[in-house]
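Please open the model in a viewer and keep the sequence panel beside it. The stops below are arranged as a series of selections.

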Amino acid sequence: MLKKVFGSAVFGVEATTITVEVNVDSGIGYHLVGLPDNAIKESNYRIAAALQNNGYKIPGKKITINMAPADLRKEGSAYDLTLAMGILAASKQIQAEDLENYLIMGELSLDGSLQPIKGALPIAIKALEEGYKGFILPNQNAKEAAIVDGLEVYGVDNIKQVIDFFDEGEALDQTIIDTKEEFSKSLNFPEFDFSDVKGQESIKRCMEIAAAGGHNIILIGPPGAGKTMLAKRLPSILPPMTLNEALETTKIHSVVGRVKSNTGIMAQRPFRSPHHTISNVALVGGGSYPQPGEISMSHNGVLFLDELPEFKREVLEVMRQPLEDREVTISRAKFTVTYPSSFMLVASMNPSPSGYFNDPDSPITSSPAEMQRYLSKVSGPLLDRIDIHIEVTPVPFEKLSDTRKGESSVEIRERVTKAREIQTERFTSSESVHYNAQMNTKQIRKHCELDEASKGLLKTAMERLNLSARAYDRILKVSRTIADLEQATNIDGSHISEAIQYRSLDREGWLG
């Protein structure tokens with residue numbers, strides 16, 4: 001007897017429905033076709049034990065299973081439950097008239113209990129699009145899938161529950177989530193707050209400008225100056241995610257199985273901080289079976305690269321295109337996948353191998369040649385793509401010992417959010433641009449008009465610092481953000497001069 005069951009495969013951040021055709025006929029043998037990987041080929045052992053431990057068995061007949069489309073590579077153990085239900089229905093051990101109306105996924109343990117799967121959210125979205133009545137999956141993933149309104153989602157703990165649902169009509173508990181309520185409930189404030197930072201007022205100002213305009217920023221300073229502390233607090237002043245941004249972010253994290261089982265939707269902006277030994281594939285994504293990399297995991301959030309020159313040069317260079325296009329395309333011989341990667345880059349570095357720059361009291365000093373060699377590990381084109389360069393100096397004892405609380409992240413976030421609202425209104429007609437850092441050349445010319453005095457000031461800076469055309473655009477973008485923070489309609493000389501100060505690595509004589 002032939003029976004069809006439906007599962008799903010995830011490619012990129014989109015799901016593709018997989019039809020599992022199970023045919024039980026006279027003879028002996030177990031044949032699984034349709035480009036399954038080793039995890040799927042081994043499933044017959046898990047299925048056999050799970051069925052036996054729950055009072056069922058794999059029939060001693062010829063079983064042929066085809067996973068269609070047959071030319072699409074399938075991977076992972078999430079098809080165990082799909083295959084098991086197909087075998088039971090095709091061998092007439094259960095009555096399952098309604099089986100084809102549901103999408104079924106789950107990894108089986110030997111006792112029949114279910115393990116969580118990856119990609120539950122994109123699979124649920126696809127199930128709704130294709131008109132399935134419901135989605136049956138492990139309980140740990142139920143909240144994640146239930147974000148999708150209009151689809152019946154059933155979280156189960158054991159294969160016996162699924163069998164009884166189809167064979168005996170026993171009801172399953174439907175997981176129902178009010179997405180908007182779940183989202184607003186999850187908007188709790190992060191644990192890191194700017195009020196914990198002593199001193200560093202100028203750096204806080206930089207972080208506020210970076211957050212307001214979505215600008216990439218690099219912090220240069222000696223060890224212990226507070227670079228990492230400041231970077232970790234940046235998400236706390238970014239505007240709260242919109243529901244669409246939260247769904248986008250959850251979708252990416254769902255694909256790699258990083259969504260917590262106790263929450264359906266990610267409401268906090270991601271903060272990713274990979275170690276400097278990371279490979280270029282781990283950073284941008286890819287592999288034999290492409291997966292999102294760290295820059296896609298940072299989508300709608302912050303990617304923090306600590307000790308930037310310690311990263312391999314080729315790893316940093318692969319970021320250049322994603323920083324401009326805000327997406328990553330992974331191409332293979334048979335398919336191409338695209339991952340979104342609209343993130344804020346925050347980098348930090350020491351100004352020299354020893355970590356100390358022009359410090360006469362330092363026990364270790366580096367020669368100008370050593371410092372130049374160290375700094376040259378980061379390419380000029382990459383630095384050009386970073387809007388704000390700022391030097392971080394150590395905090396004096398007087399400020400460290402000050403018991404007064406600094407300005408909180410809540411207060412800074414209010415100003416940032418107001419500036420972002422101005423930008424949202426400015427770019428209403430553009431689908432791909434939402435804040436100043438995303439402006440293209442045409443939009444820069446339109447929204448960053450300068451008066452004669454400001455033009456003269458910028459011209460002088462360009463000539464003295466020998467700035468590139470890209471650095472020129474960056475200065476205009478940052479000055480536009482500074483103007484927005486002040487609720488100013490036009491950019492004036494003070495905005496330009498402050499933006500020029502945030503190009504430390506372009507300044508002549510920075511190496512002393």
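A crossing of two helices is called right-handed if the near helix is turned clockwise from the far one by less than a right angle, and left-handed if anticlockwise. The model on display is a predicted one.

**Stop 1: a pair of helices**

Select helix 8 (residues 201-213) and helix 18 (residues 409-426), whose axes lie 8 Å apart at an angle of about 35°. Viewed in projection, helix 8 passes helix 18 in a right-handed crossing. Next, display the side chains where the two helices meet: from helix 8, select Glu208, Ala211, Ala212 and Gly213. Their counterparts in helix 18 are Ile412, Arg415, Val416, Ala419, Arg420 and Gln423. Sorted by class, this contact comprises 5 nonpolar, 3 charged and 2 polar residues.

**Stop 2: the nonpolar cores**

Which residues have the most contacts inside the largest nonpolar core? Select Met85, Ile104, Phe135, Ile136 and Phe166, which hold that position in a core of 67 residues. Helix 3 (residues 80-90) is the element that gives the most to this core, contributing 8 residues. A second core, separate from the one just described, has 50 residues, including Ala212, Val346, Cys448 and Tyr502.

Now centre the view on Ile104. Leaving aside residues up to four places away in sequence, Ile104 touches Val5, Phe6, Gly7, Leu81, Thr82, Met85, Leu99, Ile136 and Phe166.

**Stop 3: helix 4 and its surroundings**

Select helix 4 (residues 120-129) and colour its buried residues, namely Ala120, Leu121, Pro122, Ile123, Ala124 and Ala127. What do these buried residues pack against? Among strands, the partners are strand 1 (2-11), strand 2 (14-25), strand 5 (102-104) and strand 8 (134-138). Helix 5 (142-145) and helix 10 (243-255) are the helical partners. Moving just past the end of helix 4, select Gly131, which takes a positive phi of about 80°.

**Stop 4: polar and charged residues that are buried**

Select Asp164 in helix 6 (residues 159-167). Is Asp164 buried or exposed? Its relative accessibility is 10%, so Asp164 counts as buried, the cut-off for that term being under 20%. Beyond residues up to four places away in sequence, Asp164 touches Gly169 and Glu170.

Continue to Asn350, in the loop between strand 17 (344-349) and helix 15 (368-375). Asn350 has a relative accessible area of 9% and is therefore buried. Add Glu307 to the selection: the side chains of Asn350 and Glu307 make a polar contact at 3.3 Å.

**Stop 5: backbone features in loops**

Select Ala68 and Pro69 and show the backbone; the peptide bond between them is cis, with omega near 0°. Pro69 belongs to the loop between strand 4 (62-68) and helix 3.

Proceed to Asn300, in the loop between helix 12 (294-297) and strand 14 (302-305). Although not a glycine, Asn300 has a positive phi, near 70°. Asn300 is also buried, because its relative accessible area is 10%.

Finally, select Gln487 in the loop between helix 21 (469-485) and helix 22 (493-501). Here phi is near 60°, a positive value in a residue other than glycine.

Notes:
Residues are numbered from 1 along each chain as its sequence is written. Side-chain values use heavy atoms; hydrogens and water are left out. A nonpolar core is a set of buried Ala, Val, Leu, Ile, Met, Phe, Trp, Tyr and Cys residues joined through side-chain atoms within 4.5 Å. Buried means under 20% relative accessible area, exposed over 50%, partly exposed in between (1.4 Å probe, protein chains only). Helices (H or I, at least four residues) and strands (E, at least two) are DSSP runs, numbered from the N terminus. Contact means heavy atoms within 4.5 Å. A polar contact is a pair of N or O atoms within 3.5 Å; within protein, one must be able to donate a hydrogen and the other to accept it, and residues adjacent in sequence count only if both atoms are side-chain atoms. Axes are lines fitted to C-alpha atoms, for helices over the stretch in contact, and angles run from 0 to 180 degrees between N-to-C directions. Ala, Val, Leu, Ile, Met, Phe, Trp, Tyr, Cys and Pro count as nonpolar, Asp, Glu, Lys and Arg as charged, and the others, Gly among them, as polar.
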